[in-house]
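Let's take a walk through this structure together, one region after another. Please keep the sequence and the 3D view open as you read.

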Amino acid sequence: MSDSIKFILNDSVREVSGLPPTTTILQYLRMQERLTGTKEGCAEGDCGACTVIVGELAGDKASYQAVNACIVFLPTLDGRHIITVEHLKMNPVQKAMVSCHGSQCGFCTPGFVMSLSALLHNKSDASEENIQDAIAGNLCRCTGYRPILDAARAANKAEERHLASDVKTLKTVQRQKMFAYEDAGKKFFSPRTVKELAEILALYPEATLLAGGTDVGLWVTKQHLALNTIIYTGNVVELRQIGKTPAGLEIGGAVSYARAFDALAAYDESLEELLRRLGSTQVRNLGTVGGNIANGSPIGDGMPPLIALQAKLVLRSKEGARTLPLEDFFLAYRKQDKKPGEFVEKIIVPAKPKNVLFKTYKISKRFDQDISAVCGAFALTMKGNIIESARIAYGGMAATPKRTAKTEKVLLGKKWTEETVRQAMAAMPEDFLPLSDMRASAEYRATVAANLLYRFYLETTDAKTATRVYNYAED
Ligand SMILES: Cc1cc2nc3c(=O)[nH]c(=O)nc-3n(C[C@H](O)[C@H](O)[C@H](O)COP(=O)(O)OP(=O)(O)OC[C@H]3O[C@@H](n4cnc5c(N)ncnc54)[C@H](O)[C@@H]3O)c2cc1C
Ligand code: FES
Ligand code: FES
């Protein structure tokens, strides 16, 4: 028997059935509830016009985040609280949008208001960087961003900044067993433990695993694929955990980029910048590190730095778990070493020793909210000024995220000098034969990949005197 989807919409509980499991929140709000303040611009997570705020129980509190309603499937709301623009009733962001003239045609305005309201709720004093990050995933074609930024800065001064959370009612919509929903033969399961996930996936090995849906959502809204059975990982307790030990970091398969941000950003400021540029705030609130890996796109941004940092992948099924180096997971274009019934349980990222030089860089046409043409990551283990081991990985240069075997070999045992880096750059064409596509030509990719290695050299040495900044007295 099918459960109904039970959640809080603004200030009242809803129990919904009779809709396909791939109905997006946006379709539901506009077509069923006639809450048309939430707009559809692109239906692919790019424009932010559909931004809503989704809350969930986190212990005895509720946590609220801005997400793109156009790519989130309705059954994932089960047990959660959704807030739409209709619920805000002239909050400080709305007032500031009026007084700063932040709205012209108004189409983008609800999305901006929701993004900024989520920011104010979560940050007691948002920085300029926080404000710009919060709306990097919202597009406005007519007002221009200056008045909107003015409105954000003005609203940021408000004392009354919290959304009306409803922990008491949220507790009433929680389940004691796995949520199972069905409509016209299409199934949706939401297991709560790794054991339940392994069992239901063993029963439906052909099912589509769904985490944040920032890739899967678009298969439905853009490619119009029919998904027969979906298994949602977003409520699996173990998969949502981040473990931090002196040995490194363990990131559960359903941990979003937003939740993993601080722990991953601690490796290096270049990784922090890469993460800030991965999608938008809304996309990072939904999208997971595990989904990025399992999706296996050659231009996914998570893989190059994780491969360079020697990350391992733990895959689990009903039969048990196995661990493999992340780089071995990618077999060919969109073909991963994943057996039916297996799922990404966690990613293990070892701690970075002090004698490792590390940087990662993303090259894309736009700074924010754009997919990489090339993404490179570099990790050199140093003994004094000698390169003991080298791990260099790129996205966008081959059919899979890939290391540079030939280039790395050139570096081994050499001094980290201008001469060495030039020799390594010259070897790089032996590692890759990149493609030309709408993001970049093959020539551009090859040139930029070599130049990123040079940039890494400059940033890890004192360029003027060619003396390394890295202090090997700390070895
Ligand atoms: C507007 C927009 C901007 C984006 N920008 C970027 C960007 O800048 N850089 C970038 O790298 N990506 C970007 N993406 C792509 C996407 O956000 C990432 O790939 C994201 O990490 C996918 O995670 P998810 O949780 O949303 O995965 P989902 O869409 O839920 O799933 C993706 C794939 O992984 C599988 N899967 C999910 N979880 C598991 C699991 N535990 N075990 C096994 N398989 C699993 C699914 O079946 C599916 O095949 C963007 C997407 C959008 C919509
Ligand atoms: S409609 Fe454009 S992000 Fe959702
Ligand atoms: S006010 Fe018209 S798109 Fe922003």
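What follows is a short tour of a predicted model, from its domains to its strands and the surroundings of its ligand.

Let's start with the overall layout. The domain assignment of the protein lists domain 1, covering 1-174, and domain 2, covering 354-475. If you take the C-alpha centres of domain 1 and domain 2, they lie 40 Å apart.

Now turn to an open sheet of four strands, whose order is 6-7-9-8 and whose pairing is mixed. Strand 6 (179-183) and strand 8 (208-210) are found at the edges; each has a single partner strand, so one side of each is left without a neighbour in the sheet. On average, and with direction ignored, neighbouring strands of this sheet are turned by 20° against each other. The partner of strand 8 is strand 9 (residues 229-232), and the two pair in the parallel sense over three bridges. To find this pairing on your screen, look for Leu 209, which stands opposite Ile 231 in strand 9.

Strand 8 also brings us to the ligand, as this strand supplies at least two residues of the shell around ligand 1. Helix 8 (216-221), helix 11 (281-286), helix 12 (289-295) and strand 16 (343-350) each do so too. Which helix gives the most to this shell? It is helix 12, with five residues. There are 32 residues around ligand 1, and those that come nearest are Gly 45, Gly 212, Gly 291, Asn 292 and Ala 294. Sorted by class, the shell around ligand 1 holds twelve nonpolar, 16 polar and four charged residues.

Two further strands make a nice pair to look at: is each of them buried or in the open? In strand 17 (residues 356-363), seven of the eight residues are buried, so this strand is largely enclosed by the rest of the structure. Strand 17 runs antiparallel to strand 18 (residues 374-383), and eight bridges join them. Within this pair, Lys 362 stands opposite Cys 375 in strand 18.

Strand 13 (residues 320-325) has six residues, and the number buried is zero, so strand 13 lies largely in the open. Its pairing is with strand 12 (residues 312-317), in the antiparallel sense and over six bridges. A hairpin through two residues joins strand 12 to strand 13, and Leu 315 stands opposite Arg 322 in strand 13. As you trace these strands, keep in mind that side chains in a regular strand alternate between the two faces of the sheet.

How values were computed: Residues are numbered from 1 along each chain as its sequence is written. Chains are lettered from A and ligands numbered from 1 in the order in which they are written. This is a predicted model: local features need pLDDT of at least 70, side-chain atom pairs count only at pLDDT 80 or more; totals for chains, interfaces and linings use all residues. Two strands pair if DSSP finds at least two bridges between them. Axes are lines fitted to C-alpha atoms, for helices over the stretch in contact, and angles run from 0 to 180 degrees between N-to-C directions. A residue is near a molecule or strand if its C-beta atom, placed from the backbone, lies within 6 Å of it. Ala, Val, Leu, Ile, Met, Phe, Trp, Tyr, Cys and Pro count as nonpolar, Asp, Glu, Lys and Arg as charged, and the others, Gly among them, as polar. Domain bounds come from an automatic or database domain assignment. A residue is buried if 20 or more other C-beta atoms lie within 10 Å of its own, exposed if 12 or fewer, and partly exposed in between; C-beta atoms are placed from the backbone.
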